[in-house]
Amino acid sequence: MKGRILAVANQKGGVGKTTTALTLAAALARMNLKVLVMDLDPHACASVHLRYYPDSVELSAYDVFVSPEEEWPALWQKIRCRQDEQIFDMVPASIRLSELEGDLRDRVGKGGILKMALELVREEYDYIILDCPPHLGLLQINALVACDLLIIPIQTDFLALHGLKLLFDSIRLLNKVLPEPVKYRALATMYDKRAGACRRVLELLGKKMGGNMFETVIGIDTRFRDASAFGKVVYDIDPHSRGAKGYENLAKEIVALL
Ligand SMILES: Nc1ncnc2c1ncn2[C@@H]1O[C@H](COP(=O)(O)OP(=O)(O)OP(=O)(O)O)[C@@H](O)[C@H]1O
Ligand SMILES: [Mg+2]
C-alpha cells in the first residue's frame, strides 16, 4: 500500500502543528512504521528543532517546488536526512520557501506540485507528514491537495475557533476542484483539564466538529518544551509522560483510520 500523506495545518500560529508533526512521526516510527516528515514552513521550526539549521542545509523542500520534474528522482535522494538516533526521515525547510509565491507566479498547476513529487517516494513510507506554515498560501494549498488526511491542531483556549473559518473557506474552494473532498480531523491540543475555560472550549469543539474530531486530546505538558530545547522529541526524554502517551494514542487512531 502507498504511504498515506498527513498534512498538519492551521493558519493560527503556535497551536502545536510542529509538535504534532514531529511527535506523531516519532510515535508512528516507534510502531515500526516508515515515516517521512517534510518541513514546509519558511521559519523552519521543525528543522531547527531537530538541529537542521537552514544556513547549513544546501537542499531543502524549496528545491522540490522549483526543480524540473526530471530532476526529482535525484533530488529526493539528496534532500532526505536522518541523523543518529532519528527514527524517521526528514526534509528540512529553507527561508526561500517564503519566496515561492513569487517564484511560481506564472507556473500552471502550481497547487499540485507537491502531490506529483511525493508520488515518487510514497511507496517507501507508511506515512508522510507535512508540517505547514501558519498562514494560508501556496504551500498550504499544496499540502491540502497532496494529503489523504488533514490534521488540524486546535489549542483549547478561548480563541481556538477564531480564524478557523478561513481554513474551512479554503477547503471548500479546493473541494470544488478536487476529485474527492479533503478529509480532515481536528486535534485538541494543550488541554488543561483543571481549567474551566479549556473544558468549555473542548465541549464546544466537539459540538462544532462532530465526528471530525480525534478522540485523543493532547494535554498540556512542559516536557514538549524541554524536548525541543534538547533537539529531541518527547519519547527521547520521557516516554512515559502524558504528552508522549497522548501522541501514542493519536498514532493508533490514525493507523486505525487510514
Ligand atoms: N501539548 C503541549 N503542551 C505544552 N506545550 C506545548 C504543547 N504543544 C506544543 N507546545 C509548545 O508550544 C509552542 C508552540 O508549539 P508548536 O511550535 O508546535 O506550534 P506551531 O503551531 O507549529 O507554531 P507555528 O504556527 O509558529 O508554526 C512550542 O514551544 C511547543 O513546545
Ligand atoms: Mg510550526
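**Helix α4, strand β2 and salt bridges in a predicted model**

The face of helix α4 turned away from its buried side carries Gln 77 and Lys 78, both of which are exposed. The structure described here is a predicted model. Helix α4 spans residues 72-79, and its buried residues are Trp 72, Leu 75, Trp 76 and Ile 79. Viewed down the axis of α4, these buried residues fall within an arc of 100 degrees and therefore line one face of the helix. An α-helix has 3.6 residues a turn, so residues three or four places apart point the same way. The cover over the buried residues of α4 includes two strands, β2 (35-39) and β3 (89-91), together with two helices, α3 (61-66) and α6 (113-119).

Strand β2, which forms part of this cover, is itself mostly covered, with five of its five residues buried. Burial extends to both faces of the strand: Val 35, Val 37 and Asp 39 are buried on one side, and Leu 36 and Met 38 are buried on the other. Strand β2 pairs with β4 (residues 127-131) in the parallel sense, over five bridges. Within this pairing, Leu 130 of β4 is the bridge partner of Met 38. Strands β2 and β3 also run parallel and are joined by three bridges. Here Asp 89 of β3 stands opposite Leu 36.

A further buried position is found in helix α7 (residues 138-146), where Asn 142 is located. The relative accessible area of Asn 142 is 0%, so the residue is classed as buried. Leaving aside residues up to four places away in sequence, Asn 142 touches Phe 65, Lys 110, Gly 111, Gly 112, Ile 113 and Leu 114. Of the elements that cover α4, helix α3 (61-66) and helix α6 (113-119) thus also supply contacts to Asn 142, including Phe 65 and Ile 113.

The count of salt bridges in the model comes to twelve. One of them joins Lys 2 to Glu 119, with the closest N and O atoms 3.0 Å apart. This pair links distant parts of the chain, since Lys 2 belongs to the segment before β1 (4-8) and Glu 119 to helix α6, 117 residues apart. Lys 2 has a relative accessibility of 39% and so counts as partly exposed. Glu 119 is likewise partly exposed because its relative accessible area is 29%. Both residues also take part in a network of salt bridges that links Lys 2, Glu 119, Arg 122 and Asp 148.

Other salt bridges lie within single helices. In helix α8 (residues 164-177), Asp 169 and Arg 172 are three residues apart, about one turn of the helix. Their side chains meet in a salt bridge with an N to O distance of 2.8 Å. Asp 169 is partly exposed, its relative accessible area being 26%. In helix α9 (residues 196-209), Lys 207 and Glu 203 are four residues apart and therefore separated by about one helical turn. The side chains of Lys 207 and Glu 203 form a salt bridge at 3.9 Å, N to O; a pair counts as a salt bridge when the nitrogen lies within 4 Å of the carboxyl oxygen. Lys 207 counts as exposed, with a relative accessibility of 65%.

Key:
Residues are numbered from 1 along each chain as its sequence is written. Chains are lettered from A and ligands numbered from 1 in the order in which they are written. This is a predicted model: local features need pLDDT of at least 70, side-chain atom pairs count only at pLDDT 80 or more; totals for chains, interfaces and linings use all residues. Side-chain values use heavy atoms; hydrogens and water are left out. Buried means under 20% relative accessible area, exposed over 50%, partly exposed in between (1.4 Å probe, protein chains only). The arc is that of the directions from the helix axis to the C-beta atoms. Contact means heavy atoms within 4.5 Å. Two strands pair if DSSP finds at least two bridges between them.
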